[in-house]
Amino acid sequence: MAPNDGKRLDTLLVREGLQRSQFRETSEALYLNSGFVFDDAAQAEAAFKGENDNYVYSRYANPTVAVYEQRLAALEGAEMCRGTATGMAAVFSALACQLRAGDRVVASRALFGSCHFIVSEILPRWGIETMFVDGTDLQAWEAALARPAKAVFLETPSNPMLDLVDLASVAEMGHAAGARVVVDNVFATPLYQRPFDFGADIVVYSATKHIDGQGRCLGGAVLADKAFMEEHFIPFYRHTGPSMSPFNAWVMLKGLETLPIRVAHQSAATLAVARFLEGHPAIALVRYPGLESHPQHALACRQMAGFSTLVSFEVPGGKEGAFKVMDALQTIDISNNLGDAKSLICHPATTTHSRLTAEERAKLGITDGVIRLSVGLEHADDLIADLGRALG
Ligand SMILES: *Cc1c(COP(=O)(O)O)cnc(C)c1O
């Protein structure tokens, strides 16, 4: 789709969008500035009319952020991309820019906590009707989309139980209902799932996760076709200011260079850890789309090119049992972040999903014994040894 001359992803992630300054620096230049100057007043006038491609103000666009945007657009096969300050800025602006009072949104129930808050609390305040469905249930989607809707919002694989949504089927139903389909693709990473190929209209990322992947900066991205971006997203973005810091974009560019190597290592290690957990007598349940035991393994093989760097599992003894295992770990850190070089573990029921009622958690399969592990760049054998010791 994107004009990348048939180059492979690894090459694009190092080279795409690079624009060297007069100093011929090797790495991408960091333009850490808020404003830009004009040769004369007429040039400024033309810039404000959009008649030249001068940069105006870093809330609108910035040369370092532009390299990040061009590189992500090439990776995703999208016509346009805009960098955002955080993943939540991406999600919120992608939805808010196109919705108004009286519109209807259908979302998958299994969403990242803050995404759930936007759909369940913020949008309804503005007269937007929202409803949640079980994302794994195509009949539920069909029933919900029997009435017109403006947007469909979903995450696959979901946080934390790694449930999948059938992208092609839901996109088709969403379009028939008149909706744009917005996909939060963080858990799959841009390398392992290409939502546009299955009919998605808008793809959003938290770049804080795998794209940085080294625990340094917050960031996000919104990708879509030119028509949507120009009509809906860009005016909203320019005037409400969810823009990305050039410094963060520069860090993310360094992250993109090594993304394929990191995600491949992390996914292979996650599969090894998942297999170890599945074979462990103390573990009741392991959820990883790459395991044959995952109820949607066949769908995972159809719509994903790799699986995920996250695995969730259930230990006996509820909350107390989960805390005991987590506290006994020596290498793996307790943290709610994910996609990082460091392996991080969290207890969703008391942290990321503590805002949900016990009933809502039960619907999502998040019991008090569930633990979510984000596998980092350590050697899989050391992680397995750490988990084995903690479980024993
Ligand atoms: C982390 C995350 C977000 C939010 O991203 P921030 O960069 O933390 O704002 C949104 N969706 C998913 C699936 C995430 O994992």
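The shell around the ligand is a mix of 5 nonpolar, 5 polar and 3 charged residues. Here Ala, Val, Leu, Ile, Met, Phe, Trp, Tyr, Cys and Pro count as nonpolar, Asp, Glu, Lys and Arg as charged, and the others, Gly among them, as polar. Keep in mind that this is a predicted model, where local features need pLDDT of at least 70, side-chain atom pairs count only at pLDDT 80 or more, and totals for chains, interfaces and linings use all residues. Residues are numbered from 1 along each chain as its sequence is written, and side-chain values use heavy atoms, with hydrogens and water left out.

**Around the ligand**

- Of the 13 residues around the ligand, the nearest are G87, D184, S206, T208 and K209 (a residue is near if one of its heavy atoms lies within 4 Å).
- Polar side-chain contact comes from T208, with an atom 2.6 Å from a ligand oxygen, and from S206, where an N or O atom of the side chain is 2.8 Å from an oxygen of the ligand.
- G87 uses its backbone instead: a polar atom there is 2.8 Å from a ligand oxygen (a polar contact is a pair of N or O atoms within 3.5 Å).
- On its own the ligand exposes 380 Å², and the protein buries 92% of that (areas by the Shrake-Rupley method with a 1.4 Å probe).
- Two elements, α4 (87-96) and α9 (208-212), each give two or more residues to the shell around the ligand (helices are DSSP runs of H or I with at least four residues, strands are runs of E with at least two, numbered from the N terminus).

**Aromatic pairs**

- There are 6 aromatic pairs, counting rings of Phe, Tyr and Trp (its six-membered ring) with centres within 6.5 Å; planes under 30 degrees apart are stacked, over 60 edge-to-face, and the rest tilted.
- One of them is F233 with Y237, a tilted pair at 5.5 Å centre to centre and 40° between the planes.
- F233 and Y237 are about one helical turn apart, because they sit 4 residues apart in helix α10 (residues 226-240).

**The loop between β4 and α7**

- Most peptide bonds are trans, and most residues other than glycine have a negative phi.
- T156 and P157 are joined by a cis peptide bond, with omega about -10°; P157 is in the loop between β4 (151-155) and α7 (167-176).
- Another cis peptide bond joins N159 and P160, with omega about 0°, and P160 lies in the loop between β4 and α7.
- L162 is not a glycine, yet has a positive phi of about 60°; its place is also the loop between β4 and α7.

Key:
Polar contact = N/O pair within 3.5 Å; in protein donor to acceptor, adjacent residues only side chain to side chain.
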